[in-house]
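Grab a pencil and work through these short exercises with the model open beside you. Each task is followed by a worked solution.

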Amino acid sequence: MGYDWDFGIVFRDFDLLMLGLVNTLKVTGLALLFGVPLGLLLALLRLYGVWIVRVPVGIVIEFLRSTPPIAQLFWFFFALPILIGVEIDPFRASVLTFSLQSSAFFAEVFRGGIISIDRGQWEAAKAIGMDRNRTLRRIILPQAVKRMIPAFLERAIELMKTTTLVSTISYADVLYQANSIAQSTYRSLEVFTVAAGIYFVVIFGCSLGVRQLERHLARSGETTAH
Amino acid sequence: MEYTWDFSAVLANRQLLLLGVRNTVVLGLVCLVTGLFFGLFVGAARYSRNPVFHWPATAFVEVFRNTPVLVQIVWFFFAFPIISPFEINAFTAAALGLSLNTTAFCSEIYRAGIQSIDRGQWEAAKALGMDYSRQMRRIILPQAIRRMIPAFMNRAVELMKMTSLASVIAYGELMHQAKTISTIEFNPIEMYTAVALIFFALIYPVAVLVQRLESRFRART
């Protein structure tokens, strides 16, 4: 078992891995940017839409939550371009898939937060003459959003982990870069270990931040995290 | 632009797809059972006040919870064989990655479940003269496990979805079979649509059951 570890080779190509990290964060960031508002919209449609909207929205959410993200990604990358006759590059397919996929999960976070608000808040808002839209905007959402923060950030971290799938359609994220470095240096043990290390540092850092925030929110009695 | 859907090639390859479903279920079950089993010990070690148990268990859990599962699978397939004392094929690599991942997540469920039991239960069991392992086995776990069931089933749902990642290292589960068939038959649209539907049919019933159990549990407390 006398294996000679040599991390020097990996660190010579460290800038490639960092470039991969930038790409990972780019996909994650864009998916959040599109996924969160879309999630809110889906949640509101599922909660307050007429049944002809509510039911299909519910089905879409459940479908996106109950199928593997890699199946969705392959569908958007390999199937959709043929269907609509438009070329879709790996980057666009990734952003599209993860925006939709995460929006389904964010919708459930929003929905959970909104229904956790006491009925009395609705009634009180109605009593002072607010209609439903205004109640939602001024009374319910501000309280719900505060409660949702931990669940929300946990989803964002999950999203970042899920984006590693983009390497399978050759978008140059950390894992993809690691794979190409491994192929040119034959140092797969070191390369993949360093790649895992990079993910760990970034994701664990975020997790610690979330936990800190959770503790802070729990102290002020404003959280649904359990 | 009008595309004519044609599922005949999907149906013609149903044997291959069924084999894929079988391999998906086998991989999922193996990882679920090992994860549930070892998760209990890792959870107990995390709960322990002895630093010799506590810190390694904590490090293990944090590493597996805070790295992407695909990276874990790829690591076990491409990196681990170099130092591994035994032969690694696609199945063992995927099973190792997914089992350890599930172990880490399950250990947290055990820990949270055990911590949710009122301290008075421990004290009452101690007052009856039970030692630690008996308190745990006879009093705490039976109550805690009931509370953990929805969370475990949630893990099973997540795990089923994660098994599709084994396709990346060419283990012949459903996703991989679909990939192979679609390159032979040139039918990515029908094939990937069918695969998404099959996964949905496998996973959604469990997801619904979890929701039911969770709302029943909430109604009771």
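**Exercise 1: the fold of chain B**

Work out how much of the contact set in chain B is long-range in sequence, and which elements chain B has.

Step 1. Take the chain B contacts with a separation of 6 or more: 74% of them join residues 24 or more positions apart. Two residues are in contact if their C-beta atoms, placed from the backbone, lie within 7 Å.

Step 2. Chain B has 9 helices and 0 strands; these are DSSP runs (helices H or I, at least four residues; strands E, at least two), numbered from the N terminus.

A note on the model: it's predicted, so local features need pLDDT of at least 70 and side-chain atom pairs count only at pLDDT 80 or more, while totals for chains, interfaces and linings use all residues. Residues are numbered from 1 along each chain as its sequence is written, with chains lettered from A and ligands numbered from 1 in the order in which they are written.

**Exercise 2: the side facing chain A**

Find which helix of chain B gives the most to the side that touches chain A.

Step 1. Count the partners: 32 residues of chain B are in contact with 34 residues of chain A.

Step 2. α3 (51–65), α4 (69–83) and α9 (188–220) of chain B each supply at least two residues of that side.

Step 3. The answer is α9(B), with 11 residues.

**Exercise 3: around Ala94(B)**

List what Ala94(B) touches, leaving out residues up to four places away in sequence.

Solution: look for Leu27(B), Ile73(B), Ala166(B), Ile169(B) and Tyr171(B).
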